[in-house]
Each structure stands twice: as structure tokens, then as C-alpha cells.
Amino acid sequence: MTIVKLSLSLILLCWLTLLVQPASAAEPTCAADARITEVFDNGATWDMCWESRIRENLVLSDVYYTPPDGEPLRVLSSARLSQLHVAYDDSDVTYNDVTQYGLGGGYLLSLTPQDCPQGTLLDVQTRPALCRWRTKADTGYRTSTSSQKTQSLNLFSVSQVGAYAYIVSWTFYANGAMEPGVGATGALQRSSDTTELPFGRVLQGDPDTLWLSHTHNYYWRLDFDLGQSATDDVFAETRYELAADGTRSRQVDVYKTEQARRIDPARQAVWEIHENAQPDSAAYLIEPVRSGHRFERSEVEPYSDYDFFVTVANDCERFASQNARFNPDCLNNVLQFVDGQSIENQDLVVWHRVSFHHVPRSEDQRHMHTHWDGFMMKPRNVLAGTSALLGQPNTAPVIDPLTPRTNKVGDSVHADISASDTDDDVLSFTADSLPPGLSMNSQGHIHGEPTATGNYSVSVTVRDDLDQSSDTFSWNITGSEPARKRSGSMNLHGLVTLCLLVLLRYISQGARIVARHQTVANAQG
Ligand SMILES: [Cu+2]
């Protein structure tokens, strides 16, 4: 074999080896102390890596969800808060807390076991600062006859920025949903001695101070990598806008380039990230349900006009605002990141802003009660049914004993097939080979009038959502009998006949009496 041939063979071998490599391991890759794996009682699993950075603090990566009866699905390659933007109504002060200060490092508060009573404290550097705990009481579903509790994994840390303490929370539900949230607590930050200003409120017990109103704008950065490939995700917006005739028709826009979108409650938009271009591929959807407050200051901060952005992933696009402060070679804010790039066959990043207009109340002093904001990301086409029931053993329904039946052609038949189910599922019935003229509804009620004689072997099937069982019985339909025997009550024809018979009898009797009288008279006369 020549050197050339050997080289070619080696190249071919390497190429073939690459071809048969698995696309990607279906689990996170990180050190054991950076890994969070939560397996719920029904088998659903969340699996991810975490780290704490000085600016963003908690960064979750390689986030996988496994349905109770399914395979691991890669969901996110990275998820974190990317800015806490606070703008005061007097337009005098705007904070970009993540880039001006930070949520990690010295801003991160140590937690005590009392802060995390049902969970585990995880160390950031050398001190406990992340609580990981499992809730036990989410209502998975409820019907009139049954219900089931499910579980969720919650991670939270607390960062002190100025007077505010921000609780940064992530909840991962057994049903595949994810809910990031921020709780704003601590103490109010800015006040004024000019109590007549229209920017806020004077609180009880302190008539000389006006506490200034402001908007908290929370920006999350979510690098979705649904499924095996990171570069085939698809972004779509679905709207249900009201038409003049009262209908709401579905309109789907599948976007081909980077986007900045606004929440308009009247348009009822839902944003979806799909695993690939197939419309029924696995997806996560973001429904902006808590969108009562929006923050817009177009002149000063044009990016504030939008609530939702999709960009091509770029490691140096880290912060929604003031990005260039730490990434001088990159653009400065999320609206600038939206610069017309194609998002086809690219790794997509979703940015979502949630706003909360904070008008101080007396209840916000001395310590501010926690104001929670966040949003929900729900799976679509990921689970094959009610997640609380997936992975649970299902018992097939059982048909109550069937007995042979006999009827005659023309009988008015009403009969019920019944069944029991230990899971209390909703049951539906079907039947095969019923005598002609009879039919059964899905509740197992048979009705009709048989039209043909015969001995029929009827097969009945009952189903719950997962399993079914069947049974048979014989139904003998005999010929009809004469009408007079069909019923115990007399029909009209019978009544008329009887009347005629009685009438004829009277007439004949009357005729006989008249004849007898005539005979007597004739005899006497
Ligand atoms: Cu506030």
C-alpha cells in the first residue's frame, strides 16, 4: 500500500468516525458541584449546571428537561438576568444595576439555614448564597373526582444593590414549565424634600418626604438550544387579534431576521421558540400575562420601546443595556443587537423585559414588602398529555358483567353498558356488530329499534386516555308478533272494532225485541 493510499484510508476512517459520533450528550457537562439534577416523584427531571458571576450572579447552563415518560430534551444553553434597569419618574436618575454594580461577588448576600428551611444551601466561593429546594404542593390537575400534587425545583439568591435587596428566583416545574422571577425588597431608594412633586407619594408618618416613583425593568437573556442542534431553532409570533365580527383568528409570523417586539395586550401575542422548522416540533412559548406596566422612554433609551427581542447568539452581547462597558468591542444595548442578521440556521437568543411601575405605599416602609415580577415559559409538543399523570401506572377500565339479551324487531330499546376505572378517568364507549337499528353513544347508552332478526355477537370497548378493555355478549333479535299482542293497552283500531261489535249486538237485539213485540201484537190483534 502506498503512502497516498494509506493517507486516504486514514482520512476516510476519521471522517466515518466523525459521522458516527453522537450529536450531543443528552445531559449537562459540568463538575459535580456545579450540577443540579432534580428527579421528581413522577420521574420528570430537570438537569443543569450553574455558576455565579460578579455581574449577572446566577447563570444556568446546559438546561435539560426530561418528561415523566420521555427522553431528555435540551432546552437552554444559557439563562440569566442580563439587566436590572430602574428609571425614576423625575427622569433624573436611571440605574443599570447589573452593569453599574452587580448581583454577584460582594453584592451577593450570605444565606442561613433559616432562609432555606426545606432546601440545601449551595456555596458561592466560600459562603452559602444559593438556596435549592423542592416544593411539594403544586396542584398538577384537579377534576370533579380526582387530583394530583406535583413538584417543582426552586433556586434563589439575594443580592443587595443600594437600598434594594433583589431576590432572583428560578422555578422549574415537573410539567416542563420554567418561571424566572425577581422579588424587589429591602428599602425604598430615592426621596425628595419637595413634597408637592408629582413623582410618587408622601407616606404615612413622614409628611416631609416624598418617595419617588420609578419603573423596574427586568431583562432576562435566554439562549435557547431546543433539541439536538443549537442552530435550527425557529422563532414565531402567534397573534389572535379581534375582528369586527367578534372572532379572533390565528396569525402566525415565522421570522427570518432578528426582531424587537412590543407587547400589545389587544393583539394577544404568544412568542414561541421551536426545536426546528416543523410546526409541531417541541417548543417553548412565552405568554406575556403580567404586562400591565410597560416602560417607554424612546428619546433617551430607544430599546425601552420593546419587550421581546430575538438575536443571533454572540458571547459579547451579555447585557441588555450598558453592554459596551464590559464588552468594548460589541454594541451597547439589546436594540442595537437587532441589526438585521438572518436568524435562519443560527443559534438564537431571546431577551425578555418585564416592567413594574413602583409607586411607593406606606406599606413599603420601613422594610419594603417583596414585589414579585416574572414570567412563565411553557412547553408545547413536549409532553403527550397531563404531566402529572405521565409516568404514573394507568389501570385499564373494566366493563361491568354483560349478559345475553333478547328483543324483537320493532322493540323500543334503551340499555346501558357500564364500566369502572380505579383511576377515575373519563371513559368512552364504542360498540361493534350491534343489531341493525341500534346505536350506542360514547357514554355507553344503547337505543333504537331493531329492524332485522338474527343472533348478533356484540363487542363493546371502553377506553380511558391510555388503555382500553373489551367484552362481548349475544343479542338475539326475533321476529315481531301481531300488533294486538304488542301492547297491553287497546289501540284505536281495536276500540272502533269493539264499538262496532257492541253497536251491531244492540241493533240485532233491538231488532229481535221489535220483532217479538210485533209477534205479540199480531197475536193479540
Ligand atoms: Cu422600587
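**Exercise 1. Find the residue that stands opposite Cys 131 in S8, then work outward to the strands around it.**

Step 1. Look across from Cys 131 and you land on Phe 156 in S8. Strands here are DSSP runs of E with at least two residues, numbered from the N terminus, and helices are runs of H or I with at least four.

Step 2. Now zoom out to the strands: S7 and S8 (residues 147–161) run antiparallel, with nine bridges between them. Two strands count as paired if DSSP finds at least two bridges between them. The hairpin from S7 to S8 goes through four residues.

Step 3. On to the partner S6 (residues 120–124), which pairs with S7 (residues 127–142) in the antiparallel sense over five bridges. Asp 123 has Pro 128 in S7 as its bridge partner. This hairpin has two residues between its strands, and Gln 125 in the turn shows a positive phi of about 55 degrees.

A quick note before you go on: this is a predicted model, where local features need pLDDT of at least 70, side-chain atom pairs count only at pLDDT 80 or more, and totals for chains, interfaces and linings use all residues. Residue numbers start from 1 along each chain as its sequence is written.

**Exercise 2. Trace the pairing from S1 through S2 to S3.**

Step 1. Start with S1 (residues 35–39) and S2 (residues 45–53), an antiparallel pair with five bridges. Thr 37 has its bridge partner in S2, namely Asp 47.

Step 2. Check the turn: five residues sit between S1 and S2, and Gly 43 takes a positive phi near 95 degrees.

Step 3. Carry on to S3 (residues 57–66), which pairs with S2 in the antiparallel sense over eight bridges. Three residues make the hairpin link from S2 to S3. Trp 50 stands opposite Leu 60 in S3.

**Exercise 3. Is Arg 74 buried or exposed, and what is it in contact with?**

Step 1. Place the residue: Arg 74 is in S4 (residues 73–88).

Step 2. Count neighbours. Arg 74 counts as buried because it has 25 C-beta neighbours inside 10 Å. The cut-offs are 20 or more other C-beta atoms within 10 Å for buried, 12 or fewer for exposed, and partly exposed in between, with C-beta atoms placed from the backbone.

Step 3. List the contacts, meaning C-beta atoms, placed from the backbone, within 7 Å. Skipping neighbours within four places in sequence, Arg 74 is in contact with Tyr 64, Asp 225, Leu 226 and Gly 227.

Step 4. Compare sequence with space: Glu 27 is 47 residues from Arg 74 in sequence, yet their C-alpha atoms are 7.8 Å apart.

**Exercise 4. Which residues touch the most other members of the largest nonpolar core?**

Step 1. Get the criterion straight: a nonpolar core is a set of buried Ala, Val, Leu, Ile, Met, Phe, Trp, Tyr and Cys residues joined through C-beta atoms within 7 Å.

Step 2. Read off the answer. The largest core has 75 residues, and Leu 81, Phe 224, Ile 273, Leu 348, Val 350 and Trp 351 touch the most other members. S4 gives this core its largest share, eight residues.

Step 3. Look for a second one: apart from that core lies another of 14 residues, including Ile 399 and Phe 429.

Step 4. Finish with the whole protein, where buried residues make up 31% of the 525 residues.

Conventions: Two residues are in contact if their C-beta atoms, placed from the backbone, lie within 7 Å.
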